[in-house]
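Student: Could we work through this model together, one question at a time?
Tutor: Certainly; please have the sequence and the structure in view.

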Amino acid sequence: MQATIYKSTGSWYQARTASGEWISCRIKGKLKIDEDISSTNPVAVGDEVILSIDPQTGDALIEDILPRKNYIIRSSPHKRGQKHILAANLDQAWLMVTVLQPRTSTGFIDRFLVTTAAYHIPTSIVINKIDLLDAAAKAIVAEWIEVYESMGYPVELISVKTGEGIETLNSRLRHQTTLLAGHSGVGKSSLINALIPGLALRVQPISQWSEKGMHTTTFAEMFELPYGGRIIDTPGIREFGVVDIAPEELSHYFLDMQKYVTSCMFNNCLHLNEPGCAVKEAVEEGKIHFKRYANYVHILETLQGKK
Ligand SMILES: Nc1nc2c(ncn2[C@@H]2O[C@H](COP(=O)(O)OP(=O)(O)OP(=O)(O)O)[C@@H](O)[C@H]2O)c(=O)[nH]1
Ligand SMILES: [Mg+2]
Ligand SMILES: [Zn+2]
């Protein structure tokens with residue numbers, strides 16, 4: 001029997017069959033796992049699985065995972081080598097960010113965008129809590145819009161609190177499977193509550209002293225949208241480590257660098273100190289934002305194991 005994984009707690013899973021039946025299941029002891037991926041979670045939300053019923057206990061077991069169309073994977077910098085799949089089989093990813101309460105860094109944004117580019121997942125940036133913006137924060141938002149829209153990432157400005165911008169999101173979610181990711185406290189679960197009447201997911205104010213979220217959502221879970229389509233709520237990500245990308249490939253996934261890399265003198269140019277580097281030239285001429293380049297160098301160093 002085939003089913004889709006809607007929720008994963010690590011020890012049990014909530015699956016839904018094509019006919020709409022909900023089944024809670026566990027992983028079969030000797031499930032064959034894709035060795036190339038080697039993540040801490042072998043089965044992720046969005047996975048299509050084959051279930052069987054154990055004749056002795058009556059438990060539903062995950063026998064097999066069907067090949068994934070795509071997935072988003074990250075590492076935790078504090079647990080070296082440990083990789084985690086956020087979700088699989090996505091049509092798009094939405095990265096929710098905030099300038100205030102909490103502050104999202106461009107380093108975090110760029111690490112996420114590199115990963116979704118590498119797996120060919122269309123990605124948008126959703127800036128929430130625009131009701132809180134003062135003049136300085138508005139300037140940061142304007143800069144993000146300019147930098148990211150110019151390389152093709154849609155940027156949406158919303159406030160779940162006032163409802164501003166929410167209506168326009170519906171048409172972009174319809175009939176799509178969308179992953180919603182971001183730091184804890186940016187308002188992911190609040191947005192899903194606003195989109196699905198009666199859902200009432202738990203939300204919590206951010207901590208007053210640290211200005212950071214409280215990690216309210218603890219497991220990824222997918223929800224059906226009233227107009228067709230599915231959205232995946234995820235636990236807040238503290239740090240998003242880029243994995244499984246070769247250092248010499250990295251610049252191909254920086255959409256603003258992509259068009260310059262073929263003009264570098266060396267075809268294995270890492271765009272650091274090589275002569276005739278078209279990427280560095282574009283940075284010096286202001287065609288690539290210097291912060292994007294700084295984030296590139298930082299990610300490159302982590303991929304090379306220097307950090
Ligand atoms: N001012 C303001 N507060 C908001 C807005 N959206 C959400 N919040 C508040 O932000 C806090 C965190 O919201 P959550 O929805 O729990 O955040 P989350 O991203 O799901 O957090 P985790 O589950 O920890 O990852 C709550 O107190 C919300 O009421 C907004 O547009 N403006
Ligand atoms: Mg949440
Ligand atoms: Zn170069």
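Tutor: We begin with a definition: a residue is buried if 20 or more other C-beta atoms lie within 10 Å of its own, exposed if 12 or fewer, and partly exposed in between, the C-beta atoms being placed from the backbone. This is a predicted model, in which local features need pLDDT of at least 70 and side-chain atom pairs count only at pLDDT 80 or more, while totals for chains, interfaces and linings use all residues. Residues are numbered from 1 along each chain as its sequence is written, and chains are lettered from A and ligands numbered from 1 in the order in which they are written.

Student: Does methionine 214 count as buried, exposed or partly exposed?
Tutor: Methionine 214 has 14 C-beta neighbours inside 10 Å. A residue is buried from 20 upwards and exposed at 12 or fewer. Methionine 214 therefore counts as partly exposed.

Student: Where is methionine 214 found, and with which residues is methionine 214 in contact, leaving aside neighbours within four places in sequence?
Tutor: Methionine 214 is found in the loop between helix H4 (188-195) and strand S12 (221-224); helices (H or I, at least four residues) and strands (E, at least two) are DSSP runs, numbered from the N terminus. Two residues are in contact if their C-beta atoms, placed from the backbone, lie within 7 Å. With neighbours within four places in sequence left aside, the contacts of methionine 214 are Ser184, Gly185, Gln204, Ile206 and Ser207.

Student: Which residue in the loop between H4 and S12 has a positive phi although it is not a glycine?
Tutor: The residue lies in the loop between H4 and S12 and has a phi of about 55°. With 14 C-beta neighbours inside 10 Å, it counts as partly exposed. The residue is histidine 215.

Student: Why do the buried residues of H4 line one face of the helix?
Tutor: The buried residues in H4 are Lys188, Ser189, Leu191, Ile192 and Leu195. Seen down the axis of H4, they fall within an arc (that of the directions from the helix axis to the C-beta atoms) of 155°, so they line one face. What covers them includes strand S8 (92-97), strand S11 (177-181), S12 and strand S13 (230-233). The value that accounts for the single face is the arc of 155°.

Student: How many residues surround ligand 1, and how do they divide by class?
Tutor: A residue is near a molecule if its C-beta atom, placed from the backbone, lies within 6 Å of it. On that basis 26 residues surround ligand 1, the closest being Gly187, Ser190, Val203, Thr217 and Gly236. Ala, Val, Leu, Ile, Met, Phe, Trp, Tyr, Cys and Pro count as nonpolar, Asp, Glu, Lys and Arg as charged, and the others, Gly among them, as polar. The shell divides into eight nonpolar, 14 polar and four charged residues.

Student: Against which helices do the buried residues of H7 pack?
Tutor: In H7 (residues 290-303), Arg292, Tyr293, Asn295, Tyr296, Ile299, Leu300 and Leu303 are buried. Seen down the axis of H7, these buried residues fall within an arc of 160°, so they line one face of the helix. On the other side of H7, Phe290 and Val297 are exposed. The buried residues pack against helix H1 (106-118), helix H2 (135-150) and helix H6 (278-284).

Student: Which element gives the most to the side of domain 2 that touches domain 3?
Tutor: The domain assignment, which is automatic or from a database, gives domain 1 (2-65), domain 2 (71-233) and domain 3 (247-303). The contact takes ten residues from domain 2 and eleven residues from domain 3. With seven residues, the element that gives the most to the side of domain 2 is H1.

Student: Is serine 251 buried or exposed, and which residues does serine 251 touch, not counting those up to four places away in sequence?
Tutor: The place of serine 251 is in the loop between S13 and helix H5 (258-261). Serine 251 has 21 other C-beta atoms within 10 Å, and is therefore buried. Not counting residues up to four places away in sequence, serine 251 touches Met257, Val261, His271, Val279 and Tyr296.

Student: Which peptide bond is cis, with omega near -5°?
Tutor: The proline of this bond has its place in the loop between S8 and H1. The cis peptide bond runs from glutamine 101 to proline 102.

Note on methods
Expected span 1.5 Å × (residues − 1).
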